Amino acid sequence: MATSLLRVAPPEELLRPLAVPERLLLGPGPSNVPRRIQAAGGRQLLGHMHPEVLQVMDEIKAGIQYAFQTRNRLTLAISGTGHCAMEAALCNLLEQGDTVLVAINGIWGQRAAEIARRLGANVYELLKPPGKYFTLQDIEQGLVQHKPLVLFITHGESSSGVLQPLEGLGKLCHRHGCLLLVDAVASLGGAPIFMDQQEIDVLYSGSQKVLNAPPGSAPISFSERAREKLLRRKTKPPSFYLDMGLLANYWGCDGEPRRYHHTAPINSFFSLREGLAMLAEIGLESSWERHRANCTQLCQGLLDMGLQLFVEEEKARLPTITTVKVPEGYNWKDITAFLMDNHDIEIAGGLGPTVDKVLRIGLMGCNSTRGNVERVLGALQDALKRCHRSRL
């Protein structure tokens, strides 16, 4: 009798089997998930307070400490993507009226500034054109002028392909009474970063890039300086879900008995644990070198094809994501569609300030191989023959 009340039929598309094509994901992320990590994520669920899950969380913490090169006790994984970690970092560090200086040379600085404004912070922007990086002199001028509580900067700017130098930046910030917040979503595991040695106060990343896990969990760590700032807050963080004090307890970072905070994405944690385990087995230095070598090979191949790299200085090129200028006479959408349709390869166009200007090719984690470099170069060579506007 109840069925007579139904006015919406079961959707026919859901009565068919799920169909997912096999593609080589060489865009700026996510990257392909290896079988080992797929298997980990496909394990049967356990309860989010089961001791076995808490043990996995402890192993994740240790893996993040290794990947970040930190001994910070306030180290955990946010239940959300890298965007969520960015928001968590800012909403815990900043209170209404606090001053933050945001270094913007691509979309992620723009996003950080937008979030900080929504939090009621006084936001000042330090600007560089996409494809360029900030020097210590650039940063110091901004610190002297604006006297911020926090400096936000992106280590791996995936929209432009820039690798931001970090050496000396933490010391500089602390000399001016400022905390250093670094986005390493696109760079972690692919380029050297030393959280403690470089005196970074808050560092975060994402699961879906070099770690080759599905999107949905985001490593983050707070230094003792940053943790003390959290303890001195006059108001509670505006987000209950992202309150680092509550999350620190759930993750066992505060020495107190663990209490329920939210139902964590257990299978995402299984996958993240396995991605961190694979990075630990390979070793950070080997991973950094592999990404450097394959990026160098890719860049040389692109130059040999007559293409122009977007980031001019070799030392400033992000090893995980290479940007190349869209060649004259081509539409980037035609090129990306051709690779998808004819070679089952994903690369991407620009994002934010680089829209319509670049193609972005990602080589991250297990996708960073000589074979994939040769495969994408061959596919691009084919696209350049077929996609010129004069042929359309």
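Lys and Arg are counted here as positive and Asp and Glu as negative, whereas His and the chain ends are not counted. On this basis the protein carries 42 positive and 40 negative charges, and the mean positions of the two sets lie 2 Å apart. The structure in question is a predicted model.

The fold of the predicted protein comprises 12 helices and 14 strands. Its radius of gyration is 22 Å, close to the 21 Å that the globule rule gives for 392 residues, so the protein is as compact as a globular protein of that length. Along the principal axes, the C-alpha trace extends over about 70 × 65 × 45 Å. Of the 392 residues, 56% count as buried. Among contacts with a separation of 6 or more, 72% are made by residues 24 or more positions apart. The accessible surface amounts to about 18,000 Å², and carbon and sulfur atoms account for 52% of this area.

An unreviewed UniProt entry assigns the feature "domain: Aminotransferase class V" to residues 45-376. Within this segment, helix makes up 40% of the chain and strand 16%. The C-alpha atoms at the two ends of the segment are separated by 37 Å.

Two individual positions are also annotated in UniProt. The first to be considered is Lys209, which the unreviewed entry lists under "modified residue: N6-(pyridoxal phosphate)lysine". In the model, Lys209 occupies the loop that connects strand E9 (202-204) with strand E10 (218-222). The relative accessible area of Lys209 is 8%, and the residue is therefore buried, the cut-off for this class being under 20%. When neighbours within four places in sequence are set aside, the residues in contact with Lys209 are Pro28, Gly29, Ser31, Val185, Ala186 and Met364.

The other annotated position is Arg360, which is covered by the annotation "binding site" in the unreviewed UniProt entry. Arg360 belongs to strand E14, formed by residues 358-362. With a relative accessibility of 5%, Arg360 likewise counts as buried. The two annotated residues thus share a buried setting, at 8% for Lys209 and 5% for Arg360, while Lys209 is placed in a loop and Arg360 in a strand.

Definitions and conventions
Residues numbered from 1 in each chain as written. Predicted model: local features only at pLDDT ≥ 70, side-chain atom pairs only at ≥ 80, totals over all residues. Heavy atoms only, no water. UniProt positions renumbered as here; feature names shortened; annotations may be inferred. Helix = DSSP H or I, 4+ residues; strand = E, 2+ residues; numbered from the N terminus. Rg over C-alpha atoms; globule rule 2.2 N^0.38 Å. Buried < 20%, exposed > 50% of the residue type's maximum accessible area, 1.4 Å probe, protein only. Contact = heavy atoms within 4.5 Å. Areas by Shrake-Rupley, 256 points an atom, 1.4 Å probe, with all protein chains shown as cover. Charge placed at Lys NZ, Arg CZ, Asp CG, Glu CD.
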